[in-house]
Amino acid sequence: MKKIFIIFLLIGCSSDQIIVADLRMSKEKAQLFQRDLQECKELAQQAKSAFKPNVTIMTENCLEGRGHSIIK
């Protein structure tokens, strides 16, 4: 029973991928990164559909559009 719980816990945690940004390359935009990250995550959740289910990729694209350097 404990193994099943751990498996479900790991599956649930893996759905939100980590986005890594090179803040030095983002230059003056680096101070806005946390705000932009939250806004882009919210926008990606709103835009999520059956055709574009990957919220992480949409969030990365949003951040790049706002001038942040994302490491992929």
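# Reading a predicted chain: a tutorial dialogue

User: Where does His-68 lie, and is His-68 buried or exposed?

Analyst: His-68 lies in the loop between helix 4 (55–65) and strand 2 (70–71). The model under discussion is predicted. Burial is read from the relative accessible area, with under 20% counted as buried. His-68 has a relative accessible area of 4%, so this residue is buried.

User: With which residues is His-68 in contact, and which side chain makes a polar contact with that of His-68?

Analyst: Leaving aside neighbours within four places in sequence, His-68 is in contact with Ser-26, Lys-29, Ala-30, Leu-32, Phe-33, Asp-36 and Leu-63. The polar contact is made with the side chain of Asp-36, at 2.8 Å.

User: How should one read the overall layout: how many helices and strands are there, and in what order do the elements run?

Analyst: The chain has four helices and two strands, and from the N terminus on they run α-β-α-α-α-β. Of its 72 residues, 24% count as buried. The exposed area of the chain is about 5800 Å², of which carbon and sulfur atoms supply 61%. Among contacts with a separation of 6 or more, 56% come from residues 24 or more positions apart.

User: How does one read the packing of a single element such as helix 4? Which of its residues are buried, and against what do they pack?

Analyst: The buried residues of helix 4 are Val-55, Thr-56, Met-58, Thr-59, Glu-60, Cys-62 and Leu-63. These buried residues pack against helix 3 (33–47) and strand 2. The surroundings of the helix can be read as well. At the N-terminal end, Asn-54 acts as a cap, with a side-chain oxygen 3.1 Å from the backbone nitrogen of Thr-56. Just after helix 4, Gly-67 takes a positive phi of about 95°.

User: Which residues make up the largest nonpolar core, and which helix gives the most to this core?

Analyst: In soluble globular proteins, nonpolar side chains tend to be buried together. Here the largest nonpolar core has eight residues: Ile-19, Ala-21, Phe-33, Leu-37, Cys-40, Cys-62, Leu-63 and Ile-70. Helix 3 and helix 4 each supply at least two residues of this core. Helix 3 gives the most, with three residues. Leu-37 serves as one example: apart from neighbours within four places in sequence, Leu-37 is in contact with Ile-19, Thr-59 and Leu-63.

User: How many disulfides does the structure hold, and which residues does a disulfide join?

Analyst: A disulfide is a covalent bond between the sulfur atoms of two cysteines. The structure holds one disulfide. Cys-40 is joined to Cys-62, with an S to S distance of 2.1 Å. The link of this pair is left-handed, with -65° about the S-S bond. Distant parts of the chain are linked in this way: Cys-40 is in helix 3 and Cys-62 is in helix 4, 22 residues apart. Both Cys-40 and Cys-62 are buried.

User: For contrast with these buried cysteines, where does Ile-18 lie, and does Ile-18 count as buried or exposed?

Analyst: Ile-18 lies in the loop between helix 1 (2–13) and strand 1 (20–21). Its relative accessibility is 74%, so Ile-18 counts as exposed. Ile-18 and Thr-56 are 38 residues apart along the chain, and their C-alpha atoms are separated by 8.2 Å.

User: How should the charged side chains be read: how many salt bridges are found, and which residues are joined into one network?

Analyst: Side chains of opposite charge can pair when their charged atoms come close. A search of the whole structure finds five salt bridges. One of them pairs Asp-36 with Arg-35, the closest N and O atoms being 3.2 Å apart. Glu-39 and Arg-35 also meet in a salt bridge, at 3.9 Å from N to O. These two residues are separated by about one helical turn because they are four residues apart in helix 3. Arg-66 forms a salt bridge with Asp-36, with 3.0 Å between the closest N and O atoms. That pair links distant parts of the chain: Arg-66 is in the loop between helix 4 and strand 2, Asp-36 is in helix 3, and they are 30 residues apart. Through shared partners, the salt bridges join Arg-35, Asp-36, Glu-39 and Arg-66 into one network.

User: Is Asp-36 buried or exposed, and how do Arg-35, Glu-39 and Arg-66 count?

Analyst: Asp-36 is buried, with a relative accessible area of 3%. Arg-35 is partly exposed at 47%, Glu-39 is partly exposed at 33%, and Arg-66 is partly exposed at 25%. Asp-36 is also the residue whose side chain makes the polar contact with that of His-68.

Terms used:
Residues are numbered from 1 along each chain as its sequence is written. This is a predicted model: local features need pLDDT of at least 70, side-chain atom pairs count only at pLDDT 80 or more; totals for chains, interfaces and linings use all residues. Side-chain values use heavy atoms; hydrogens and water are left out. Buried means under 20% relative accessible area, exposed over 50%, partly exposed in between (1.4 Å probe, protein chains only). Contact means heavy atoms within 4.5 Å. Accessible areas come from the Shrake-Rupley method with a 1.4 Å probe; for residues, only the protein chains shown count as cover. A polar contact is a pair of N or O atoms within 3.5 Å; within protein, one must be able to donate a hydrogen and the other to accept it, and residues adjacent in sequence count only if both atoms are side-chain atoms. A nonpolar core is a set of buried Ala, Val, Leu, Ile, Met, Phe, Trp, Tyr and Cys residues joined through side-chain atoms within 4.5 Å. A disulfide is a pair of cysteine sulfur atoms within 2.5 Å. A salt bridge is a side-chain nitrogen of Lys or Arg within 4 Å of a carboxyl oxygen of Asp or Glu.
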